[in-house]
There are 2 protein chains.
Amino acid sequence: MIGRLNHVAIAVPDLDAAVAQYRDMLGGKVSEPQAQPDHGVTVVFVELPNTKIELLHPLGENSPIAAFLERNASGGIHHICYEVDDIYAARDKLKAGGARVLGDGEPKIGAHDKPVLFLHPKDFCGSLVELEQA
Amino acid sequence: MIGRLNHVAIAVPDLDAAVAQYRDMLGGKVSEPQAQPDHGVTVVFVELPNTKIELLHPLGENSPIAAFLERNASGGIHHICYEVDDIYAARDKLKAGGARVLGDGEPKIGAHDKPVLFLHPKDFCGSLVELEQA
């Protein structure tokens, strides 16, 4: 079912510092910051040859990463995103197997304008998993 | 400097359960468990089209992931590994920029029989970064 690793998302408390670390220290190819107010984050993409890293910084009230950054003041890896061909088929298979889909269980339009859903970390090795219909 | 994302490593408290989650629930292509006593872990590889996930379980005394699992009982994303062409050049650039290389600062032979080093999480957005000479 799962295909490519679409991205690894890292929540960062200081976006300028994170850009400096990835661009200047690690020599990564980083994008300009992109505000995504509908998703409560500002994102910087680090383009790697085979996938990408997303540096996420809270934007506005009720950012979905605010609580994570309260618990992890230095930042940290927030989630990993796998691509699937059919998000509804994936959802049905996972629910039938007992996995918990976060929220109301329905796919939403994610930050890349594609349908996504998130799975409960406790069902997947303590790591938050996003599935995105590629 | 950084090239491909070589792998994402997830520390897991129960390897059989992790395999079931990734193979049976997510439909991933998982390897047989591979004991790596020199590195204090048993590893299951989840092969994705563009990279891999490594499910790490402690092996023996003094496993490098034991303390992490004490803090994260359900498991969690332990580190991300980027490939570099020249590990010594990478080390020198990072040290010159003020980044902390863990241990004695010298590359070691990693689990893939290639030279690796680890960077201090506080210098890289709270996430443990491994560099591997590809």
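**Figure 1. B:Ala18 in helix 1 of chain B.** In this predicted model, B:Ala18 lies within helix 1, residues 15-25, of chain B. Its relative accessibility is 1%, so B:Ala18 counts as buried, the cut-off for that class being under 20%. Beyond the neighbours within four places in sequence, B:Ala18 is in contact with B:Val12 and B:Leu55 of its own chain and with A:Cys125 of chain A. For scale, the C-alpha atoms of B:Ala18 and B:His78 are separated by 14 Å, the two residues being 60 residues apart along the chain.

**Figure 2. B:His7 in strand 1 of chain B.** B:His7 belongs to strand 1, which covers residues 5-11 of chain B. With a relative accessibility of 1%, B:His7 is classed as buried. Two polar contacts of its side chain can be shown: one of 2.8 Å to the side chain of B:Asn6, and one of 3.4 Å to the side chain of B:Glu54. B:Glu54 is also among the residues that B:His7 touches when those up to four places away in sequence are not counted. The other residues in that set are B:Thr51, B:Lys52, B:His79, B:Ile80, B:Cys81, B:His112 and B:Glu130. Between the C-alpha atoms of B:His7 and B:Phe45, which are 38 residues apart along the chain, the separation is 9.4 Å.

**Figure 3. Strand 6 of chain A and its two pairing partners.** Strand 6 of chain A runs over residues 76-84, and 9 of its 9 residues are buried. One partner is strand 1 of chain A, residues 5-11, which pairs with strand 6 in the antiparallel sense over 6 bridges. In this pairing A:Tyr82 of strand 6 has A:Leu5 opposite. The other pairing shown is with strand 9 of chain A, residues 129-133; here the sense is parallel, and there are 5 bridges. A:Glu130 in strand 9 stands opposite A:Cys81.

**Figure 4. The interface between chain A and chain B.** Each side is listed by its contact residues: 43 residues from chain A and 43 residues from chain B. About 3,400 Å² is buried between the chains, with carbon and sulfur atoms giving 67% of that area. On the side of chain A, the residues that lose the most area to chain B are A:Met25, A:Leu26 and A:Cys125, which together make up 22% of what that side buries. No salt bridges are counted between the two chains, whereas 21 residue pairs are in polar contact across the interface. At least two residues of the touching side of chain A come from each of strand 1, helix 1 (15-25), strand 5 (52-58), strand 6, helix 3 (87-96) and strand 9. Helix 1 of chain A gives the most, with 5 residues.

**Figure 5. The relation between the two copies.** Chain A is superposed on chain B by a rotation of 180° with 0.0 Å of shift along the axis, at an RMSD of 0.0 Å. This is therefore the relation of a two-fold axis. Within chain A, the C-alpha nearest the axis belongs to A:Asn50, at 2.9 Å. Both copies use the same surface, as 100% of the contact residues of chain A recur in chain B.

Key: Residues are numbered from 1 along each chain as its sequence is written. Chains are lettered from A and ligands numbered from 1 in the order in which they are written. This is a predicted model: local features need pLDDT of at least 70, side-chain atom pairs count only at pLDDT 80 or more; totals for chains, interfaces and linings use all residues. Side-chain values use heavy atoms; hydrogens and water are left out. Copies are superposed by least squares on the C-alpha atoms of residues with pLDDT of at least 70 in both. Contact means heavy atoms within 4.5 Å. Buried means under 20% relative accessible area, exposed over 50%, partly exposed in between (1.4 Å probe, protein chains only). Helices (H or I, at least four residues) and strands (E, at least two) are DSSP runs, numbered from the N terminus. Two strands pair if DSSP finds at least two bridges between them. Buried area is the accessible area (1.4 Å probe) that two parts lose on being put together, summed over both. A salt bridge is a side-chain nitrogen of Lys or Arg within 4 Å of a carboxyl oxygen of Asp or Glu. A polar contact is a pair of N or O atoms within 3.5 Å; within protein, one must be able to donate a hydrogen and the other to accept it, and residues adjacent in sequence count only if both atoms are side-chain atoms.
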